[in-house]
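Open the model in your viewer and keep the sequence panel beside it. We will go from stop to stop, with something to select at each one.

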Amino acid sequence: MSSEKKPAWQALQSHFEEIKDEHMRDMFEQDTNRFGHFSLTLNDILFDYSKNRISPKTMDLLLDLARECDVQSWRDRMFDGEAINHTEHRAVLHSALRNRSGKQMFADGENVMPEIRHELERITRLANDIRNRTWRGATNQPITDVVNLGIGGSHLGPMMATEALHPYAIHDLKIHYVNNIDENHINNTLETLNPDTTLFIVASKSFTTQDTMMNAETARSWLLHKIGDSKLLELHMIAVTSNARAAVEFGINEDNIFKMWDWVGGRYSMWSAIGLPIVISIGPENFELLLQGAFEADQHFRNAPLDENIPVIMALLGIWYNNFFNAESIAILPYDQNMHRFPAYLQQADMESNGKAVDRDGKHVNYSTGPILFGEIGIASQHAFYQLLHQGTKLVPADMLAPISNFACIANHHRALMSNVFAQTEALMKGKNQDEVIAELKAEGKDDKEIEFLLPYKLFPGNKPTNTFLFYTLDPKTLGSLIALYEHKIFVQGIIWNLNSFDQWGVELGKKMATDILDELNEGAQVSSHDSSTNGLINYYLKLRTLNPKA
């Protein structure tokens, strides 16, 4: 049965008609302990979801939907290593990568934990060698710069985490990321580096991804131009891949190849050797804490009752707005500068997982699925797109995340920061009504005519939903927990929408067409095989390309 035909879905639709015009102002007045009723904790992470357009009945009905969609059984099947990625016949076991329990976890009948621990030991040794300056380059100099060449999950996860955990890094050991096939990205990176002290990580599950491999070829040429001997490449290039043969053929020493598994999707892979830049940056001990935080979120998701389960509640609230209020987007708003890549990371995790219109049965769905996810640092956003959140015509639920203390806390800075967090969630919830606006304008000395003119511009409707995550500080363990909570939220929403959240066929078409067009660009002849627009664009490009012999 498709999701929207389930009795719980129909009950929610009827309830929505009852509650859709209620204002959160009134809800808070009616329930003075609303915060207590609608907040949960995991360790020092507080999840406040009281500023949502929900009642106890709403949550009961949403939880009924989760049960009717068999979320608990699907959750157990994932952790048990069943091939729930049915289009690729694969298990979904990124949770095994951060399993700290000592218990076995299986994929295809095989306990995967010994191999996971072996690879973790290998990346630990490599990271320590680089951090301790015992890994030496071709001219016997220590490594000072590590460049990660990857794209998608091989880029966004490690980059987000190394940025978020910058205070825990060795600051004279620089981590760089190159993901764009545009030559400006790798050229701008290489121009600041010394080949003698640079190590490249080629992160590609297939070792055939065009963007990554083209950057890897440029990096190899750049190295060989200086060090000359290809045998010395092993001191400057390593790989993370499931295609070891291709990496060896590329020229990477077999001992420098770290393994990936087909039961780990790219956007869920930062816990594996794909996270090597993180380990090098913050050290193995802190990486272990990152894994521990994610493991504790896994345990919470696996064991907490649905009504006390943070990722389940996150997912259900998203369903409520996406499918009943017809909200098409969600904003992720961290109030921590080091989390500036967190929204981009979640953008891939969410939109690549649930941005689908065909369900698990191969049928086209007739209901809204994955939302458009966007976001930016909260303070900067207040001076950018909060105008739309407060007074625009679109309903945009938002998640705000903020640390109570920073690694290097400056009281006047941090208290000003936190005042904005609390003020924005309250302002979005309460808004400002006509009486309040008139009283404010009178206090400013405005006359009746000016008040009448300004009144509609100064009104704030409020009733805009937010979730707030507060935690003591953004340390490795807390970051691990936050990431895992969002991962599981995405999974739960996929189950309720009856989607396979772990394939991504939608990325293939454009890549295949680009490969075919590349052959045409290399030939350089005028084309006529495409539609008139594409023909026109390619031919215009070919015409102007002649102005630069290198183009």
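## Starting inside: the cavities

The lining of the second largest cavity has, by class, 7 nonpolar, 1 polar and 1 charged residues. To see that lining, select L97, I116, E119, L120, I123, W261, W271, S272 and A273. This is a predicted model, so treat everything on the tour as a description of a prediction. The space enclosed here has a volume of about 60 Å³. Which helix gives the most to this lining? Colour residues 113-131 and you have found helix 7, which gives 4 residues.

How many cavities of 30 Å³ or more does the structure hold? There are 2, and the next selection takes you to the largest cavity, with about 170 Å³ of space. Select L317, G318, Y321, I330 and P397, which lie nearest its centre among the 19 residues of the lining. Several elements give two or more residues to this lining: helix 14 (310-323), strand 10 (329-334), strand 12 (398-403), strand 13 (466-471) and helix 21 (476-496). Give helix 14 its own colour, since you will see that it contributes the most, with 5 residues. By class, the lining of the largest cavity divides into 10 nonpolar, 7 polar and 2 charged residues.

## A buried asparagine

Now select N463, in the loop between helix 20 (448-458) and strand 13. Is N463 buried or exposed? It is buried, because its relative accessible area is 7%, under the 20% cut-off. Show its side chain as sticks and look for two polar contacts. A polar atom of the N463 side chain lies 2.9 Å from the backbone oxygen of E22. The side chain of N463 also reaches the backbone nitrogen of M24, at 2.8 Å. To show what surrounds N463, add E22, H23, M24, R53, L395, L428 and M429, which it touches, leaving aside residues up to four places away in sequence.

From there, move to H390, in helix 17 (residues 386-391). H390 counts as buried because its relative accessibility is 11%. Add Q424, A427, L428, F460, P461 and K464 to see what H390 touches, again not counting residues up to four places away in sequence. You have met L428 before: it is also one of the residues that N463 touches.

## One side of a helix

Select helix 5, residues 71-79, and highlight its buried residues: V71, W74, R75, M78 and F79. Turn the view to look down the axis. These buried residues cover an arc of only 135 degrees, which means that they sit on the same side of helix 5. A general rule helps here: an α-helix has 3.6 residues a turn, so residues three or four places apart point the same way. What covers the buried residues of helix 5? The cover includes helix 4 (56-68), helix 6 (94-97), helix 13 (284-303) and helix 21.

Just before moving on, pick D70, in the loop between helix 4 and helix 5. D70 is partly exposed, with a relative accessible area of 39%. Draw a distance from its C-alpha atom to that of V492: the two are 422 residues apart along the chain, and 9.8 Å separates these atoms. Then select G81, which follows helix 5 and has a positive phi near 85 degrees.

## Helix 19 and its two ends

Go next to helix 19, residues 434-443. At its start, a side-chain oxygen of N433 reaches to within 3.3 Å of the backbone nitrogen of D435. After helix 19 comes G445, where phi is positive, near 85 degrees.

## Two loop residues with positive phi

Most residues other than glycine have a negative phi. Select R133 and N140, both in the loop between helix 7 and strand 5 (145-149). R133 is not a glycine, yet its phi is positive, near 70 degrees. N140 is not a glycine either, and its phi is positive at about 65 degrees. N140 is exposed, with a relative accessible area of 54%.

## Last stop

Finish with G506, in the loop between helix 21 and helix 22 (508-523). Is G506 buried or exposed? It is exposed, with a relative accessible area of 75%. For a final distance, join G506 to F301: they are 205 residues apart in sequence and 29 Å apart in space, C-alpha to C-alpha.

How values were computed:
Residues numbered from 1 in each chain as written. Predicted model: local features only at pLDDT ≥ 70, side-chain atom pairs only at ≥ 80, totals over all residues. Heavy atoms only, no water. 1 Å grid on protein atoms, 1.4 Å probe; cavity = no way out; pocket = protein on both sides within 12 Å on 5 of 7 lines; lining within 4 Å. Points joined across faces, edges and corners; volume = space filled by probe spheres on them. Nonpolar A, V, L, I, M, F, W, Y, C, P; charged D, E, K, R; others polar. Buried < 20%, exposed > 50% of the residue type's maximum accessible area, 1.4 Å probe, protein only. Polar contact = N/O pair within 3.5 Å; in protein donor to acceptor, adjacent residues only side chain to side chain. Contact = heavy atoms within 4.5 Å. Arc of directions from axis to C-beta.
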